[in-house]
Amino acid sequence: MAAAAGSSNYWEDLRKQARQLENELDLKLVSFSKLCTSYSHNSSREGRRDRYSSDTTPLLNGSSQDRMFETMAVEIEQLLGKLTGINDKMAEYANSAGVPSLNAALMHTLQRHRDILQDYTHEFHKTKTNFLAVRERENLMGSVRKDIESYKSGCGVNNRRTELFLKEHEHLRNIAMATKENMTSQRGMMKSIQSKMNTLANRFPAVNNLIQRINLRKRRDSLILGGVIGICTILLLLYAFH
């Protein structure tokens, strides 16, 4: 009889501990959910303010909310661990009970406590996941806002650089056009000289050999000139697009 009474007291003590932990978890989870909801609403208001104004101040008390989140998450995980331990002890006791009818009642009570533990665990992980998603989105939006501000501040410098580049490009283009016109003019003059020299060669065969040598030197000079002009043109293009 004494052993039965002692066993009964042990079971009731476990149930008392389980109910106490469940009550603590219920309160903690309510506060935890409110914290996460508050963080989400603050993020939404901050996003709307950024959309209609130039204010880019980060969330007020964002770091303190993060610390509260971490602290409460650790506390809830500890309470869930304790409640899991109590449920395990209750399961051991229920399995060791000798009376079938008593065993069935104990198992029914144990199952109810297990369901409560499962619900609290699921709620905790769901709330924690939502909070982390909101915080990650807020961090991403903060990074985007910083990039936009950096881009705006650098626009003036970029515009000046673009203007200088365009001026330099126009200058190089004018040089190239002038060089092309000069080469066209020289080519016309060379053709005219060639035509006159051919006429003289036909009239004075003795001068033909001299003209041939002049033509050979002229072609050589033309190749050298063409090579120099080609190299200069490549260098100008490389400088323009550097």
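Is Glu77 buried, exposed or partly exposed? At 38% relative accessibility, Glu77 falls into the partly exposed class, where buried means under 20% relative accessible area, exposed over 50%, and partly exposed in between (1.4 Å probe, protein chains only). The views below come from a predicted model, in which local features need pLDDT of at least 70 and side-chain atom pairs count only at pLDDT 80 or more, while totals for chains, interfaces and linings use all residues. Residues are numbered from 1 along each chain as its sequence is written, and side-chain values use heavy atoms, with hydrogens and water left out.

**View 1. The overall build of the chain is α-α-α-α, read from the N terminus.** The protein chain has four helices and zero strands; these are DSSP runs numbered from the N terminus, with helices being H or I of at least four residues and strands being E of at least two. Of its 242 residues, 23% count as buried.

**View 2. The largest nonpolar core has 29 residues.** For the record, a nonpolar core is a set of buried Ala, Val, Leu, Ile, Met, Phe, Trp, Tyr and Cys residues joined through side-chain atoms within 4.5 Å. Leu25, Phe32, Ile76, Leu80, Met90 and Phe124 touch the most other members. Helix H1 (2-52), helix H2 (62-96) and H3 each chip in at least two residues. H2 gives the most to this core, with 12 residues. In soluble globular proteins, nonpolar side chains tend to be buried together.

**View 3. Arg135 meets both Asp66 and Glu70 in salt bridges.** A salt bridge here is a side-chain nitrogen of Lys or Arg within 4 Å of a carboxyl oxygen of Asp or Glu, and by this rule the count comes to four. The Asp66 and Arg135 side chains meet at 3.6 Å, N to O. Asp66 sits in helix H2 and Arg135 in helix H3, so this pair ties together parts that are 69 residues apart in sequence. Arg135 itself is buried, with a relative accessible area of 16%. Glu70 also reaches Arg135 at 3.6 Å, N to O. With Glu70 in helix H2 and Arg135 in helix H3, that pair ties together parts that are 65 residues apart in sequence. Glu70 is partly exposed, at 40% relative accessibility.

**View 4. Lys128 and Glu77 pair up in a salt bridge.** Their closest N and O atoms are 3.3 Å apart. Lys128 belongs to helix H3 and Glu77 to helix H2, so the pair ties together parts that are 51 residues apart in sequence. Lys128 is partly exposed, with a relative accessible area of 24%. Back in View 3, salt bridges that share partners join Asp66, Glu70 and Arg135 into one network.

**View 5. Two kinds of surface patch, one negative and one nonpolar.** Patches are made of residues with over 30% relative accessible area and no salt bridge, with like charges joined within 9 Å and nonpolar side chains (Val, Leu, Ile, Met, Phe, Trp, Tyr) within 5 Å. Asp26, Asp115, Asp119 and Glu123 gather in the negative one. Lys and Arg count as positive and Asp and Glu as negative, with His and the chain ends not counted; each charge is placed at NZ of Lys, CZ of Arg, CG of Asp or CD of Glu. Helix H3 (residues 100-203) gives the most to the negative patch, with three residues. Asp115, found in H3, is partly exposed at 33% relative accessibility. Ile231, Ile234, Leu235 and Leu238 form the nonpolar patch, with about 430 Å² of accessible area together (Shrake-Rupley method, 1.4 Å probe, only the protein chains shown counting as cover for residues). Ile234 is found in helix H4 (residues 208-240).
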